[in-house]
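Student: Please give a close, connected account of one part of this model, namely the open sheet and what lies against it. I should also like to know where the nonpolar cores are to be found.

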Amino acid sequence: MKTILLIEDNELIRENTAEILELAGYAVQTAENGKIGVEKALATKPDLVVCDIMMPVLDGYGVLQIFNQNPQLSGVPFIFLTAKTERTDQRRGMELGADDYLTKPFDEAELLSAITGRLNRFQHLKPDYDLQAPGGLNEFLDDARAVGNLQSLSADRKVHSIRKKHDIYLEGDEPTRMYFVKSGRVKTVKATAGGKELITGLYGPGEFFGYLPLLEQAPHSDSAVTLDDSELVYIPQADFAQLLRTPEVGQQFIRLLAGRVTEREEQLLGMAYNSIRRRVADTLLRMHEQAATAPDAAIYLSRDDMAALVGTAPESLIRTLSEFKNDGLIELTPKNIRVLQPDKLRRAHW
C-alpha cells in the first residue's frame, strides 16, 4: 500500500482529502503545517506528498526545499495543493521541482488522477542492473531519470558504430563525455617515456570508460582505441554530472563505476610488485571471465596488446605463455588463447 503525506493547515480540507485518499486505498499521514509534515516524512518516508503552499510555521515552498536538500527525501513525488492561481506561484513551484500543481477547489477525480499518474511514473532504482543485457543501459538511465526527476537527462542515446583500430580520444584531449560499450572492445593506452605502449584498461560490452578525467576536470591521461568493430553510446558531460549529484541515482551510478576503478588499481599494483608469471596468469584469468559468455570462450587479443596489458615485453609474455601451455593450463593458437584449467592457473603463479 502506497503512503501519502498530506500537509494542509485547513482542518476541513485536510480531513475530507484524507478520507478520499483512504477510500482510494492509500495509507495517509496528515500534518497541519510544513514543520510537522517534514518531521513525519523523516520518521516514515512517504511515497508521495500532497502539500498546501500558504501555511503557518513553514510554507509549502520551504517544505519542498527541505525535501530537495535531504538525501533521504530527495526525489519523492511532490504535488502542490493551493488556492493560489497566479502563474508566478505555479512557476515558482515548478522551478523548485514540484511534480504537479492542483488548485482549490478540486474534484475527487482530478486529485486521484494526478496522484496515480505521479506514482506510476515514479520508481526506485533496482539493486543491480545488467548492463550487458540488451537495453540494460537504457533501463538504468530511464529509471534514473524518473527517480531523480532528471527531465533534462538526454533522451538521445544514439549508438555510434566505430571501426576497428579507430581512435576515440587521444592523450591530452579535453574530456567532453563518458563512453559506454554496447558491443566490441576498447583499450585505453598510455605511452611511456621510452615510447612503449602500456594498456591501462580493456573494456567490453556493458562497461563505461573515459569518466575519470570528467571527475578530475583534467585532460585525458591516456588514449582510447577500438580493438574490434564496436558500438558505443556517448553520455555527455552534463548528463554525467546530473547522474552523480542526484543522491539515490548517484550512489547506484558510482557502484556501477567503482568496480573498474578497483580493478585498475589492482592492475597497477600488480605491475609494480608481482612476478611476470603471476601478472600473466592474473591477466589470463580476468580475460577468461570476460570471455566466458562468448560461444567459444576464447581470448582474442594480439600478443603485443596482451604484453602491453601485462606490462612486459612481448618476448617475456610469449615465454610465459609457452610455460603455461606446457603445463597443460592453456591452449594456444595463432589467433586466440583458451584457458583450460582456471583453478590450477590461479594456483600456479603463487
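**The open parallel sheet and the cores**

Tutor: In this predicted model, strand S4, which covers residues 78–82, runs parallel to S5 and is joined to it by 4 bridges. Within this pair, aspartate 100 of S5 is the residue opposite isoleucine 79. Both strands belong to an open sheet of 5 strands with parallel pairing, and the order across it is S2-S1-S3-S4-S5. The edges are taken by strand S2 (27–31) and strand S5 (100–103); each has a single partner strand, so one side of each has no neighbour in the sheet. On average, neighbouring strands of this sheet are turned by 20° against each other, direction ignored.

Two helices lie across strands of this sheet. Helix H1, residues 11–23, lies across strand S1 (3–7) and S2, and runs at about 165° to S2. Helix H2, residues 34–43, also lies across S1 and S2, running at about 160° to S1.

As to the cores, the largest nonpolar one has 24 residues, and Leu284, Ile299, Leu301, Met306, Phe324, Ile330 and Leu345 have the most contacts inside it. Two or more residues of this core come from each of strand S10 (197–203), helix H10 (276–291), helix H11 (303–310), helix H12 (314–326) and strand S15 (337–339). Leucine 301, leaving aside residues up to four places away in sequence, touches Arg185, Leu202, Leu227, Met287, Met306 and Leu309. A second core of 19 residues is separate, and Leu5, Met55, Tyr61 and Phe78 are among its members.

Conventions
Residues are numbered from 1 along each chain as its sequence is written. This is a predicted model: local features need pLDDT of at least 70, side-chain atom pairs count only at pLDDT 80 or more; totals for chains, interfaces and linings use all residues. Side-chain values use heavy atoms; hydrogens and water are left out. Two strands pair if DSSP finds at least two bridges between them. Axes are lines fitted to C-alpha atoms, for helices over the stretch in contact, and angles run from 0 to 180 degrees between N-to-C directions. Contact means heavy atoms within 4.5 Å. A nonpolar core is a set of buried Ala, Val, Leu, Ile, Met, Phe, Trp, Tyr and Cys residues joined through side-chain atoms within 4.5 Å. Buried means under 20% relative accessible area, exposed over 50%, partly exposed in between (1.4 Å probe, protein chains only).
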